[in-house]
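Reader: Can you walk me through this one? Keep it quick, please.
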Amino acid sequence: MKNMRILYIAYPLLTVSPESAGGAEQVLWTLEREMARRGWETTVAASAGSCVAGDLFSTGEPCHEPDDLERRNREHQDKIVALVRRRAREGRPFDLIHDESGSFWTRAAEVDPPVLATLHLPRTFYRPESFENIPANVSFNCVSVSQARSFDELNALQGVIPNGIALEVFAAGQGPRRRPRSGLLWLGRICEEKAPHLALDITARAGLPITLAGQVYPFSYHQQYFDREVAPRLREMPKATFTSLPSFHRKRQLLCEAQALLITSLADETSSLVAMEAAASGTPVIAFARGALPEIVRHGVTGFLVCGPDNMVPPLGRVSEIDPATCTRHAQEHFSSAVMAEGYARLYARVLAERARACEPSAAR
């Protein structure tokens, strides 16, 4: 298949970079980087200051005020529609639009190219009306088998492309000069459904040190959760450390130095990049056995899957049973960003072929 002009659409709230806390932003950064390496002409529509391999089309400043998503998303989408139309007039149309934003597909009827929307969230996180009157040029894909089951009635669903990570940058953190592992780690977006307060409770009961690292998004209810549930626990726990907005280098360092990573999400996660990153770093994962986590963590091999908070303490005493080299090997075999990119390249070709057939005049069929 010829190299194509692809427009990637980011979530509008924050910037896209290797420092991003959000999974969709991280996947977009990784995938676009892989496609640019293959010589494809990539454009990313994202907030100003984003770091991309191809061309950045800035749709405006990231949100600095709380609860500004609705205005920012409207600004973001309006500018994208204008860009796509302008490129068509200039004779440089996009061949395909890959929507990683979670909502642009609802406006796909305003543009001509086919739109592939990757569904990153659990079904219940989307507004039901988003799947009503789906434009004819829209297709969807899921990122895990467990997630796809909840969308099985969606006629435009094209299948599953599992997420991947830049394996080389995490494996690079492991070496003979790496510091000894100590303490536990919780890493991610700090919000109620991710439940970092549970990780603090679990490690307090176990009497172990923990580093809580992540970002509070600019939503008032996220900040209220942090102030209500996380900050008081941090003040009361001398063995707990908080790292806000860790850099990519710092995140890699934390993963490589932790004895184990805790995943305490109360949502049915559709994927888990941080679990993949931990495996690539040789770090065991202890997580709740829900959503896609059983597709990523091999119980007793790369970590432990448990049924709830009360069951998470015993495995903390068993992390030495997990072989770091086995974790790394598992990541190399299953979480490659190159494999993810190959999967999307095939899916792009299928979407374009189906769109071309749909646009053929009936007389020519």
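Reader: Is R350 buried or exposed, and why?
Author: R350 counts as partly exposed, because its relative accessibility is 37%. Buried means under 20% relative accessible area, exposed over 50%, and partly exposed in between, with a 1.4 Å probe and protein chains only.

Reader: What should I know about the model?
Author: This is a predicted model: local features need pLDDT of at least 70, side-chain atom pairs count only at pLDDT 80 or more, and totals for chains, interfaces and linings use all residues. Residues are numbered from 1 along each chain as its sequence is written, and side-chain values use heavy atoms, with hydrogens and water left out.

Reader: Where is R350 found?
Author: In helix 12. Helices are DSSP runs of H or I, at least four residues, and strands are runs of E, at least two, numbered from the N terminus.

Reader: Which residues of helix 12 are buried?
Author: Among them are S337, M340, A341 and Y344. V351 is buried too.

Reader: What covers them?
Author: The cover includes strand 1 (5-9), helix 1 (23-37) and strand 4 (96-99), in contact (heavy atoms within 4.5 Å).

Reader: New topic. How far apart are the C-alpha atoms of R350 and R233?
Author: They are separated by 50 Å. Along the chain, R350 and R233 are 117 residues apart.

Reader: And how many residues does helix 12 have?
Author: Helix 12 has 23 residues, 337-359. From first C-alpha to last, helix 12 reaches 33 Å. That is close to the 33 Å expected at 1.5 Å a residue (1.5 Å times one less than the number of residues).
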